[in-house]
Every structure is written in C-alpha cells, then in structure tokens.
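User: Hi! I'm new to reading protein models, so could you walk me through this one with a few questions and answers?

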Amino acid sequence: VPMECGGCTRFPLLLNESADDKEGTSKGGLCVQPVRGRALLWCNVDEDGRPEVKTVHSGEAIVNHTTKAGVVCNGDVGVVKYGINIWVCERMVG
C-alpha cells in the first residue's frame, strides 16, 4: 500500500529513529505500512509475562483519493487493507 493511501499500523509509543515526516511520522510513533504478502508480528508482553504497554497500536484506514502516481486509494475499486489477529501462547491455555 503506498504511503499516500494511509493504512499503516501505528505504534504511538515506539520511536522510529530512521524515519522523517515524509514517511508518515508527523502523527508520532512508528508507522508500519502494509506490504502485500507480508505479516506484522510482535510480542505484547515483556520477559516476565506482563503487558508491554509500548505495543499499544492502531490500524489506520485507507484514505479515499488518487495518488500522484495514479493509484486509486479506496476500498471499493482500488487499494484494500485486510487485518487479522492471531494470538500465540507459549504454553497451553485452558
């Protein structure tokens, strides 16, 4: 998904030291742009099993417009973003 289309997963409490405003950091935090065929995975607990508050995140919507490169950014005919949650445990639950 082109950056101009939005749709990133934003981690407002994490820093992206290699990015600048043209890469979508003006809202703050780390912004990970979706890429076809790739997945984003992270551990949301620390080494003691406590919640890792820095992993709070949000999935941003696709912005409805056409980019300078002519890419149509909308869920009807152009760019579509899918999200899925899979919870992984290191030991049996239940």
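User: Looking at contacts in the chain with a separation of 6 or more, what percentage comes from residues 24 or more positions apart?

Analyst: Keep in mind that this is a predicted model. Take the contacts in the chain with a separation of 6 or more, then pick out those whose residues sit 24 or more positions apart; their share is 50%.

User: How many helices and strands are there in the chain?

Analyst: Read along the sequence, the pattern goes β-β-β-β-β. That fits the count for the chain: zero helices and five strands.

User: Is Thr9 buried or exposed?

Analyst: Thr9 is found in strand β1, which covers residues 9-11. Leaving out residues up to four places away in sequence, Thr9 touches several others, including Leu30, Val32 and His57. Buried means under 20% relative accessible area. Thr9 has 16% relative accessibility, so it counts as buried.

User: And Lys68, buried or exposed?

Analyst: Lys68 lies in the loop between β4 (65-66) and β5 (72-73). The cut-off for exposed is over 50%. Lys68 comes in at 92% relative accessibility, so the verdict is exposed.

User: What distance separates the C-alpha atoms of Lys68 and Glu4?

Analyst: Along the chain, Lys68 and Glu4 are 64 residues apart. In space, their C-alpha atoms are separated by 8.8 Å.

User: Which residues are closest to the centre of the largest pocket?

Analyst: The largest pocket holds about 1,600 Å³ of space. Its lining has 20 nonpolar, 11 polar and eight charged residues. Of the 39 residues that line this pocket, the closest to its centre are Leu40, Leu41, Trp42, Ile84 and Asn85.

Technical notes
Residues are numbered from 1 along each chain as its sequence is written. This is a predicted model: local features need pLDDT of at least 70, side-chain atom pairs count only at pLDDT 80 or more; totals for chains, interfaces and linings use all residues. Side-chain values use heavy atoms; hydrogens and water are left out. Helices (H or I, at least four residues) and strands (E, at least two) are DSSP runs, numbered from the N terminus. Buried means under 20% relative accessible area, exposed over 50%, partly exposed in between (1.4 Å probe, protein chains only). Contact means heavy atoms within 4.5 Å. On a 1 Å grid over the protein atoms alone, a cavity is a set of points where a 1.4 Å probe fits but cannot get out, and a pocket is an open set with protein on both sides within 12 Å along at least five of seven lines; lining residues have an atom within 4 Å of a point. Grid points are joined across faces, edges and corners, and a volume is the space filled by probe spheres set on the points. Ala, Val, Leu, Ile, Met, Phe, Trp, Tyr, Cys and Pro count as nonpolar, Asp, Glu, Lys and Arg as charged, and the others, Gly among them, as polar.
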